[in-house]
Amino acid sequence: MKGLLLHLASVSVMALLVACSNSDPVNTLSTSKFEAGPLRTAADRAQIRWGAAVSVNPLLMDAQYRQLAGSEFNTLTPENALKFGIVHPEPGVYDFSGGDLIADFARANGMKMRGHTLIWHQQLPEWINNGQFTRDELIAIMREHIYTVLGHYRERYADVVIEWDVVNEAIAADGSRRDTVWQRVIGDDYIALAFQFAHEAWPELALYYNDFEDNQFMLLDSTFNLDGTPALDRPKGIGASVLLSDCSLIPKCAAMRSLAEELLAQGIALSGIGFQAHIASAASADYAKLTEWVEPLGLKWALTELDTPCPVGPLDAACFAVQANTFSAAARGCLESPACDTIVQWGVNDTYSWWPGFTFDLFEDALAFGRDYQPKPAADALLALFHQHAIPGD
Ligand code: G3I
């Protein structure tokens with residue numbers, strides 16, 4: 001199966017679509033319609049957007065994945081299809097095929113879509129990574145990219161796409177600006193410029209700054225402790241697991257807050273903050289507390305990439321129980337906050353989660369639906385929580 005997927009990844013989406021529609025007539029995503037399942041129904045009644053990150057290949061090739069994606073969520077985020085390197089692989093060349101398939105599928109199933117992501121340092125094409133651009137040239141490239149991508153979806157999918165992660169992961173664990181091509185060549189104002197261009201391109205779209213939390217999960221490049229001292233001996237994979245929910249004590253969170261305040265002071269159209277919530281810790285932050293600075297700024301917040309993995313190995317009921325608590329605690333923070341209306345898990349089910357690939361096969365099974373496509377304890381916990389928050393009469 002893995003070999004097949006790798007092979008398929010190198011084939012264009014259109015070729016896949018033709019191949020699939022020949023062998024399986026239900027495979028045209030724009031007409032794949034599914035009845036709402038229990039979790040989606042409960043999310044609708046709680047008036048919460050409950051979503052999944054989806055990838056094009058399994059959506060085309062795996063009927064169980066398609067069924068689950070189409071029935072148990074009310075919003076979708078393209079996991080990779082709208083990232084710069086995929087959507088804009090060469091200067092002047094745009095490929096919207098993957099993003100459009102996902103948007104068509106969302107529309108067919110009455111779902112919304114969250115765009116992800118316009119300006120990031122990963123999954124950039126070679127022509128950006130290796131380009132020797134001046135500040136003005138890179139600003140012009142950024143403007144064209146944002147205008148073209150948002151222009152495409154504004155024109156064709158304004159009924160589906162409601163929000164977008166404009167800038168992703170621009171702040172390092174110590175609170176400084178992350179060293180990226182955007183930061184190096186354009187400078188500090190690249191974030192404000194990206195939001196300005198996005199707002200010009202699509203004034204009605206909700207625009208988010210999206211980042212992961214360094215209070216409980218430190219990624220491979222997070223080489224600083226919370227006090228700013230280097231943590232170079234940290235093992236590759238998962239870093240220190242420190243539970244803190246006070247934003248002012250977490251350098252990255254404090255920097256996100258300062259960034260939001262600066263953007264708003266400049267009149268930039270920032271709508272909200274995405275807290276990714278890749279939670280690699282048995283303990284779970286109190287998101288209501290961690291985010292309590294957001295609402296007073298007039299902003300919204302969302303859990304944009306929720307997942308929490310288990311160590312690789314046989315299916316682990318004990319880990320799944322902890323995972324259920326973690327999902328539930330994080331989701332409760334959102335449901336109880338008037339400023340949060342969206343919870344997206346980073347994948348559809350455990351078959352396709354990014355965790356094993358990213359952690360050299362140390363972690364897996366991070367989602368609320370298992371490798372058998374069935375709900376896990378985390379899904380049951382969310383269901384109970386959504387029921388508790390059902391809006392009367394809905
Ligand atoms: O498309 C190529 C394919 O041509 C090639 O054959 C194959 C070989 O490995 O790789 C394919 O690209 C991979 C791509 O996912 C699509 O599967 C990349 O190597 C791989 O690095 C990429 O990983 C994605 C990662 O972002 C990139 O940094 C993950 O799927 C995706 O889940 C992950 O998502 C990010 C969010 O965007 C931002 N927040 C963190 C989150 C997790 O890292």
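Sixteen residues, written 16 in the count used here, surround the ligand, and the closest are Glu79, Lys83, His116, Gln122 and Glu305. A residue counts as near the ligand if one of its heavy atoms lies within 4 Å of it. The model is predicted: local features need pLDDT of at least 70, side-chain atom pairs count only at pLDDT 80 or more, and totals for chains, interfaces and linings use all residues. Residues are numbered from 1 along each chain as its sequence is written, and side-chain values use heavy atoms, with hydrogens and water left out.

The shell around the ligand divides into five nonpolar, seven polar and four charged residues. In this division Ala, Val, Leu, Ile, Met, Phe, Trp, Tyr, Cys and Pro are nonpolar; Asp, Glu, Lys and Arg are charged; the others, Gly among them, are polar. Polar side-chain atoms come up to the ligand from several residues, including Lys83, Gln276 and Glu305. Lys83 places a polar side-chain atom 2.6 Å from a ligand oxygen atom. For Gln276, the partner is a nitrogen atom of the ligand, at 3.1 Å. Glu305 also has a ligand nitrogen atom as partner, and the distance is 2.7 Å. A polar contact is a pair of N or O atoms within 3.5 Å; within protein, one must be able to donate a hydrogen and the other to accept it, and residues adjacent in sequence count only if both atoms are side-chain atoms. On its own the ligand has 800 Å² of accessible area, and the protein covers 58% of this. Accessible areas come from the Shrake-Rupley method with a 1.4 Å probe; for residues, only the protein chains shown count as cover.

The protein chain has 16 helices and 10 strands. These are DSSP runs numbered from the N terminus: helices are H or I with at least four residues, strands E with at least two. Of the 394 residues in the chain, 56% are buried. Buried means under 20% relative accessible area, exposed means over 50%, and partly exposed lies in between (1.4 Å probe, protein chains only). The chain exposes about 15600 Å², of which carbon and sulfur atoms supply 55%. Contacts (heavy atoms within 4.5 Å) often span the sequence: among those between residues at least 6 apart, 77% join residues at least 24 apart.

Strand β1 (residues 49-54) is mostly covered, with five of its six residues buried. β1 runs parallel to β2, and four bridges join them. Strands pair if DSSP finds at least two bridges between them. Val54 has Pro78 of β2 as its bridge partner. β1 also pairs in the parallel sense with strand β9 (residues 340-345), over four bridges. There, Arg49 stands opposite Thr342.

Strand β2 (residues 75-78) is buried on both faces: Thr75 and Thr77 point one way, Leu76 and Pro78 the other. Two bridges link β2 in the parallel sense to strand β3 (residues 112-119). Leu76 stands opposite Met113 of β3.

Thr117 also belongs to β3. Thr117 is buried, at 2% relative accessible area. Its side chain reaches the backbone oxygen of Asp165 at 2.9 Å. Beyond neighbours within four places in sequence, Thr117 is in contact with Leu82, Lys83, Phe84, Trp164, Asp165, Val166, Val167 and Asn168.

Pro125 lies in the loop between β3 and α8 (126-129). Its relative accessibility is 5%, so Pro125 counts as buried. Not counting residues up to four places away in sequence, Pro125 touches Phe84, Gly85, His88 and Pro89. Pro125 and Ile86 are 39 residues apart in sequence, yet their C-alpha atoms are 7.6 Å apart in space.

Arg66 sits in helix α5 (residues 63-71). Its relative accessible area is 3%, so Arg66 is buried. A polar atom of the Arg66 side chain lies 2.8 Å from the backbone oxygen of Leu59. The same side chain reaches the backbone oxygen of Leu60 at 3.1 Å.
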